[in-house]
Structures are given as structure tokens and as C-alpha cells.
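Below is a short report on the sheets, cores and ligand site of one model. Read it with the coordinates open.

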Amino acid sequence: MLALKVEKVKKIYPSLNSKGQEVLALDDVSLEVNKNEFYSILGHSGCGKTTLLNLIAGFEVPTAGYIECAGQRVTAPGADRAMVFQDYALFPWLTVYENIAFGLKIKRMASPEIKRIVEHFASLVGLSQFVEHYPHQLSGGMRQRVSIARALAVDPTVLLMDEPFAALDAQNRSMMQSEMIRILDEESKTVVLVTHSIEEAINLSDVIVVMTRRPGRVKSVIRVPKPRKMIEDSPDYLVIRKQIRDLISGEHDDSVTM
Ligand SMILES: Nc1ncnc2c1ncn2[C@@H]1O[C@H](COP(=O)(O)OP(=O)(O)O)[C@@H](O)[C@H]1O
Ligand SMILES: [Mg+2]
């Protein structure tokens with residue numbers, strides 16, 4: 001079953017300067033994301049990865065083409081598409097509990113139901129002991145766990161993640177990847193992750209989408225053999241890593257700078 005369909009999407013940003021040059025950020029991007037599968041979008045900086053997620057989230061509108069989430073045309077942001085941002089984007093004046101509860105309150109859920117859901121997701125991300133803490137009292141890794149719990153709590157059809165672990169140090173990043181695998185084993189979810197780490201994409205994904213340089217187009221779609229967490233340096237792992245490295249390094253910076 002399709003959770004998400006991106007059909008021939010093009011995105012042109014209007015000019016930001018007096019020269020009046022528009023930016024063609026994405027061109028003819030089509031994707032079909034199956035339910036409960038993990039997709040990663042890989043590509044050089046500036047190739048339109050964030051633009052693609054923002055279009056799926058409904059924060060931006062495509063110039064051409066369309067996006068459907070569970071068969072419904074995307075025209076605005078909605079709780080069926082929750083985003084985890086690189087900088088966590090937590091509300092600093094709210095506790096961990098209140099941050100996770102935020103979207104549920106907007107949905108006007110009853111308090112006992114909110115409590116049950118918040119406790120479940122705080123526990124899932126290993127933060128049961130920290131629900132009364134404020135974001136500034138937490139480490140970067142813990143803040144990102146709150147952000148993931150907040151996104152999962154609204155039970156989105158698709159979880160969108162824009163370089164969610166990029167601000168973490170290597171050790172925390174690797175730990176969060178393992179955590180993500182454990183969380184997804186417990187709660188099946190459809191995920192679209194943007195990253196520029198090939199290893200992260202291989203570790204987490206069922207499917208890896210490699211983009212061209214700007215304007216971003218789909219260069220290649222690669223299905224990663226199961227199990228999701230491949231043994232690093234196993235022959236299968238090395239083959240797929242080389243394949244992706246070659247695809248990405250084949251993208252020379254010969255695009256016209258606009
Ligand atoms: N709001 C905007 N207005 C104008 N240009 C933008 C805007 N957002 C992004 N861009 C441009 O679109 C291109 C793709 O950006 P982005 O989606 O952020 O790439 P990535 O996330 O892959 O690094 C870049 O050239 C960027 O400068
Ligand atoms: Mg980006």
C-alpha cells in the first residue's frame with residue numbers, strides 16, 4: 001500500500017535578489033513510498049532535499065506536479081505528516097511532557113488519553129524519568145528523542161526527518177541510529193529521512209533515493225537488502241556503499257549557479 005506519492009514535482013523559488021533570477025530547486029521528482037518502509041533521500045548540499053520534505057509537509061507548494069499522503073492530496077500542513085527537524089525545534093518554555101503532548105492538545109484529545117500516549121512515547125524513547133525536565137536541561141541526543149516522541153505521538157502516516165542527527169557528535173549519532181531501528185521495530189512507521197551520510201542511509205533504510213545536484217532530480221532508487229541494520233564491512237554492505245559513493249561522486253558541480 002502506498003503511504004506517500006510524489007508525482008512529477010517541480011519547485012521554483014521566486015527571486016530573492018534584484019537580478020530577478022528564480023531558483024529551480026527540484027525538477028520532475030517522482031517517488032512512491034510504501035507503508036511501513038523507511039526511505040532515505042541522499043544528495044549533495046543544495047540539491048533540494050529540504051525543499052522536498054517541506055513540500056511533503058505542506059510548508060511549501062509545488063510549482064508543478066502534486067503530492068498525495070494516503071491517497072489524499074497535500075495542500076497544507078497536517079498531523080498525517082510530522083516533521084523532526086535538525087535543530088529539534090522544541091518549545092523551550094514547555095516541559096518534555098508538554099512538548100510531547102502539544103499535537104495531542106491541538107487534536108483536542110481528553111487529558112487521560114493524552115497522558116497515556118505521552119507516557120507511552122516518553123518510555124519508547126527512554127525518557128520516562130525526564131518528563132518534567134525542560135529542553136535546556138537535556139543533552140542534544142535527549143532533545144532529539146523528545147522531538148521524535150512528539151512527532152510519533154500524533155500517529156502520523158509519514159514521519160519526515162530532515163538531517164535529524166547531524167548536530168550530534170559521532171558517538172551520539174550512532175546511538176540514535178540504533179535507537180531509531182529499535183523504535184521502528186516496536187512501532188512500524190513510514191519514514192522519509194533526509195541525510196547526507198551514506199552510512200546512516202544504509203543503516204536505516206529499506207530504500208535509498210539518490211538525488212542529482214540542483215535542480216534536484218531522482219538519480220537512482222536503491223533497495224537495501226534486509227535486515228535493516230547490515231553488518232558494517234560485510235560484503236553486501238561494502239557493495240552497496242560503493243554503488244552509492246560512485247553515484248554521488250558522479251555528481252560534479254557543473255550546474256549553472258543561479
Ligand atoms: N525559500 C527559498 N527561497 C529561495 N531559494 C531557496 C529557498 N529555499 C531553498 N532555496 C534554494 O533552493 C535550493 C535547494 O535548497 P534546499 O532544499 O535547502 O537543499 P538541501 O536541503 O538539499 O541542502 C538551494 O539552491 C537553495 O538556496
Ligand atoms: Mg537541507
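Contact here means heavy atoms within 4.5 Å. Valine 84, for instance, touches Gln144, Ser147, Ile148, Ala151, Leu159, Leu160, Met161, Asp162 and Pro164, leaving aside residues up to four places away in sequence.

This is a predicted model, in which local features need pLDDT of at least 70, side-chain atom pairs count only at pLDDT 80 or more, and totals for chains, interfaces and linings use all residues. Residues are numbered from 1 along each chain as its sequence is written, chains are lettered from A and ligands numbered from 1 in the order in which they are written, and side-chain values use heavy atoms, with hydrogens and water left out.

**The mixed sheet**

Helices (H or I, at least four residues) and strands (E, at least two) are DSSP runs, numbered from the N terminus. Two strands pair if DSSP finds at least two bridges between them. Six strands make an open sheet with mixed pairing, in the order 6-7-8-3-9-10. Strand 6 and strand 10 (218-223) are the edges; each has a single partner strand, so one side of each lacks a neighbour in the sheet. Neighbouring strands of this sheet are turned by 20° against each other on average, direction ignored. Axes are lines fitted to C-alpha atoms, for helices over the stretch in contact, and angles run from 0 to 180 degrees between N-to-C directions.

Strand 7 pairs on both sides. Four bridges link it to strand 6 in the parallel sense. Five bridges join strand 7 to strand 8, also parallel. Three residue pairs are listed here.

| Residue | Opposite residue |
|---|---|
| Alanine 82 | Leucine 159, strand 7 |
| Methionine 161 | Leucine 193, strand 8 |
| Aspartate 162 | Valine 194, strand 8 |

How many residues of strand 7 are buried? Five of its five are, where buried means under 20% relative accessible area, exposed over 50% and partly exposed in between (1.4 Å probe, protein chains only). In a regular strand the side chains alternate between the two faces of the sheet. In strand 7, Val158, Leu160 and Asp162 point one way, while Leu159 and Met161 point the other way.

Valine 84 is found in strand 6. It is buried, with a relative accessible area of 0%. Valine 9 is 75 residues from valine 84 along the chain, and their C-alpha atoms are separated by 22 Å.

Two helices lie on this sheet. Helix 1 touches strand 3 (38-42), strand 6, strand 7 and strand 8, and its direction makes about 150° with that of strand 7. Helix 7 (residues 235-249) lies across strand 3, strand 9 (207-211) and strand 10, at about 175° to strand 10.

**The antiparallel sheet**

Four strands form another open sheet, in the order 2-1-4-5, with antiparallel pairing. Its edges are strand 2 (23-34) and strand 5 (72-73), each with a single partner strand, so one side of each is left without a neighbour. Strand 4 (residues 64-69) meets strand 5 over two bridges, in the antiparallel sense. Cysteine 69 has glutamine 72 of strand 5 as its bridge partner. Helix 1 (residues 49-57) also lies across strand 1 (2-13), strand 2 and strand 4, at about 120° to strand 1.

**Cores**

A nonpolar core is a set of buried Ala, Val, Leu, Ile, Met, Phe, Trp, Tyr and Cys residues joined through side-chain atoms within 4.5 Å. The largest has 39 residues; Ile100, Ile148, Leu159, Met161, Phe165 and Met180 touch the most other members. Helix 4 gives the largest share, seven residues. Another core, of 27 residues, lies apart from it and includes Leu53, Leu55, Val74 and Met83.

Helix 2 has buried residues Val96, Asn99, Ile100, Ala101, Gly103 and Leu104. They pack against helix 3 and helix 4. Arginine 108 follows helix 2 and has a positive phi, near 60°.

**Ligand 1**

Thirteen residues surround ligand 1 (a heavy atom within 4 Å); Gly46, Lys49, Thr50, Thr51 and Arg214 come nearest. Polar contacts are pairs of N or O atoms within 3.5 Å; within protein, one must be able to donate a hydrogen and the other to accept it, and residues adjacent in sequence count only if both atoms are side-chain atoms. A side-chain N or O atom of threonine 51 is 2.5 Å from a ligand 1 oxygen. A backbone N or O atom of glycine 48 lies 3.0 Å from an oxygen atom of ligand 1. For a polar backbone atom of cysteine 47, the distance to an oxygen atom of ligand 1 is 3.2 Å.
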